[in-house]
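Reader: Could you walk me through this model and show how each label is earned?

Author: Gladly; let us take the terms one at a time.

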Amino acid sequence: MSDVGKIRIRVPANVKPGDVVRVRCLVIHPMERIERDAQGKIIDRNYNYITRVTATYLGKPVVAFDLTQSVSENPAFSFALKATAPGPLTVTFVDTHGGKYEGTANIAFA
Amino acid sequence: MRSVLALPDVRLRRVSLRAVTLAATLAGCALATHDSAPVAPGAWVSRAIPEARGEVRVAADGTRTAVRYKGWTTRDFAAFRTYASDDARPQPPVQKATMPAGVAGDPKKGRALFLDRQKGPCTGCHLVPGADVWPAGNVGPDLSAFADRKLADAYVYQQLWDPRVIYPQTVMPPWGAQRIFTPEELVNLVAYLQTLHGPVPPEADDDRNPFTRRRPTGFGDNLDPTNNPAVIRAEEAQQLWGARGPKGKACADCHPGEPAQAMRGVATRYPRIVAEYGRVMSLEDFLAVHGETTTGRALPSESAANVDVSVMIKMASNGLPVAVDTTSPAARAAIDRGRAAFYRRVGERNHACADCHTPEHGANKFLGGRFLGDVNAGLTRHFPTWRTSQDEIWDMRKRFQWCMTPLGANMLAADAVEYAELELFLTTFDVGKPINAPGIRH
């Protein structure tokens with residue numbers, strides 16, 4: 001897991017102006033979880049998981065996910081996006097340690 | 001016979017399957033060290049991780065515990081025939097049986113036994129009425145109106161005890177002859193079956209009925225890293241490619257460039273006969289010995305590193321047609337042995353691979369909720385494959401080992417010659433078809 005923060009964004013090929021496309025994004029992240037002992041007390045661990053995901057398209061925010069608990073190692077998210085104009089789509093992942101990981105995909109029309 | 005190692009008793013209680021981990025770990029400490037000299041077929045020393053070697057531990061009190069993967073059963077099936085080429089035991093003899101007289105069967109108990117997942121379950125292959133029958137399979141006939149056939153109890157009892165008396169080519173296990181069900185239990189089952197009268201009411205849910213159930217549609221693009229975690233694992237394995245092992249060499253020193261170029265087409269030729277080792281080797285088998293002899297880095301079979309690097313190398317051949325050697329005399333002999341293994345009946349249940357994976361029998365039907373693959377379609381070119389149900393990448397050998405357990409046969413070591421030859425036989429059905437790894441399956 002040496003690539004922590006590496007981001008992959010998948011947008012369908014052959015997008016036409018006005019298409020609503022499904023964007024899939026994933027970040028390499030270890031997900032250190034909270035664990036409890038037999039008495040139910042939180043075992044003090046340095047938990048670390050993705051807690052917020054935001055995306056901006058053409059400089060404007062299009063979606064934000066707030067995660068109240070850990071979801072997965074290398075979590076993947078998907079959302080619908082209306083491709084109005086060619087330009088960058090930026091996805092930002094923030095973890096509970098304040099780590100911020102950013103990836104960009106270019107929306108281009110065939 | 002497989003080797004049996006006597007080890008100190010670790011007091012394995014049969015609490016939960018989780019206990020296996022402990023056993024596997026302890027066994028691992030005691031069973032290390034291999035020499036890497038070439039060996040003749042039949043005398044192969046396994047390079048697999050400890051839980052993948054198919055070993056059985058015998059405690060001081062004689063308790064036998066099979067060492068398998070975490071979460072798998074530890075029951076020892078030593079009494080039953082395996083795929084080992086030196087296992088000369090025949091399949092269990094066909095047994096006639098007479099129904100115990102004067103015992104009244106209880107249909108209620110019979111129905112519970114029919115559905116009992118610790119036994120058959122009979123519902124794995126046969127459909128019977130009831131919303132709690134889920135998921136039923138259709139490898140065997142629909143028994144929803146079985147009693148309308150008006151068969152004699154004694155005949156039904158014999159069919160359950162050992163159906164080979166009536167149908168020599170059946171895929172149904174000899175439940176009584178192999179002591180999986182007791183005579184009393186079989187009487188209860190007969191009583192239950194004789195209550196199944198038609199007409200059968202229409203299905204409330206078409207998916208309950210395996211004859212009308214929807215076919216599985218798959219899990220989307222298997223090469224999309226946001227969809228298939230195995231792709232990410234393979235990308236991470238690229239770091240191993242350039243990393244120097246204890247002998248000061250890296251894979252990239254002899255195979256210059258990125259693995260996608262350097263290894264292009266290599267996987268299309270596997271499994272193949274490797275003269276140096278005098279045996280058929282799958283890609284994973286070869287990596288286990290080749291990685292160690294060249295770089296000094298051990299890549300034992302079924303270790304994460306071995307599987308991940310295998311996926312990476314197989315991905316380098318994606319889109320290229322499978323081109324294993326099927327013509328040389330040595331390859332043909334190996335394929336013949338693989339074919340014999342495919343049809344060999346093994347285990348407590350006396351099953352063969354062919355029972356589930358040929359269209360004459362179970363292929364393209366449901367075994368419980370599982371859709372059975374057809375050997376003719378080619379079952380190897382998407383391996384190693386991500387298993388959504390296991391959250392792991394499985395190569396072909398682990399898949400074989402998994403099949404052994406419900407069959408009631410002790411598994412062989414993951415890198416056993418028998419498995420490699422079986423995989424070679426299966427791969428002959430993939431010749432000319434494009435490799436597409438890693439797959440993604442349930």
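Author: A helix axis here is a line fitted to C-alpha atoms over the stretch in contact, and angles between axes run from 0 to 180 degrees between N-to-C directions. Please keep in mind that this is a predicted model. On that footing, helix α8 (residues 283-295) of chain B packs against helix α9 (residues 304-315) of chain B at an angle of about 120°, and their axes are 10 Å apart.

Reader: Why are α8(B) and α9(B) called oblique to each other?

Author: Roughly perpendicular covers 65 to 115 degrees, and roughly antiparallel begins over 145. The angle of about 120° falls in neither range, so α8(B) and α9(B) are oblique. The crossing itself is right-handed.

Reader: Which residues of α8(B) and α9(B) meet?

Author: Leu283(B), Glu284(B), Leu287(B) and Ala288(B) come from α8(B), while α9(B) brings Asn306(B), Val307(B), Val309(B), Ser310(B), Ile313(B) and Lys314(B). By class, that contact has 6 nonpolar, 2 polar and 2 charged residues.

Reader: What makes Glu302(B) count as buried?

Author: The cut-off for buried is 20 or more other C-beta atoms within 10 Å. Glu302(B) has 25 such neighbours, so the residue counts as buried. Glu302(B) sits in the loop between α8 and α9 of chain B, and its phi is near 75°, a positive value in a residue other than glycine.

Reader: And is Arg179(B) buried or exposed?

Author: Exposed means 12 or fewer neighbours. Arg179(B) has 11 other C-beta atoms within 10 Å, so Arg179(B) is exposed. Its phi, near 60°, is positive too, and Arg179(B) belongs to the loop between α3 and α4 of chain B.

Reader: What about α3(B) and α4(B): how do their axes cross?

Author: Helix α3 (residues 153-161) and helix α4 (residues 183-193) of chain B have axes that come within 10 Å and cross at roughly 125°. That angle makes α3(B) oblique to α4(B). The crossing of this pair is right-handed. The contact is made by Asp153(B), Val156(B), Tyr157(B), Leu160(B) and Trp161(B) of α3(B) with Leu186(B), Leu189(B), Val190(B) and Leu193(B) of α4(B). Sorted by class, these are 8 nonpolar, no polar and 1 charged residues.

Reader: Where are the cis peptide bonds that lead into Pro135(B) and Pro438(B)?

Author: The bond from Trp134(B) to Pro135(B) is cis, with omega near -10°, and Pro135(B) lies in the loop between α2 (107-115) and α3 of chain B. The bond from Ala437(B) to Pro438(B) is cis as well, with omega near -5°. Pro438(B) is in the loop between α13 (417-427) and β10 (439-441) of chain B.

Reader: How do you know that the radius of gyration of chain B agrees with that of a compact globule?

Author: For 442 residues, a compact globule would have a radius near 22 Å, and chain B has 23 Å, so the two agree. Chain B holds 13 helices and 10 strands, and 43% of its residues are buried.

Reader: How many residues does each chain give to the contact between chain A and chain B?

Author: Chain A gives 10 residues and chain B gives 7. On the side of chain A, β1 (7-10) and β2 (20-27) each give two or more residues, and β2(A) has the largest share, with 3 residues. That side divides into 4 nonpolar, 2 polar and 4 charged residues.

Methods. Residues are numbered from 1 along each chain as its sequence is written. Chains are lettered from A and ligands numbered from 1 in the order in which they are written. This is a predicted model: local features need pLDDT of at least 70, side-chain atom pairs count only at pLDDT 80 or more; totals for chains, interfaces and linings use all residues. Helices (H or I, at least four residues) and strands (E, at least two) are DSSP runs, numbered from the N terminus. The radius of gyration is taken over C-alpha atoms; the globule rule is 2.2 Å times the number of residues to the power 0.38. Angles under 35 degrees count as roughly parallel, over 145 as roughly antiparallel, 65 to 115 as roughly perpendicular and the rest as oblique. A crossing is left-handed if the near helix is turned anticlockwise from the far one by less than a right angle, and right-handed if clockwise. Two residues are in contact if their C-beta atoms, placed from the backbone, lie within 7 Å. Ala, Val, Leu, Ile, Met, Phe, Trp, Tyr, Cys and Pro count as nonpolar, Asp, Glu, Lys and Arg as charged, and the others, Gly among them, as polar.
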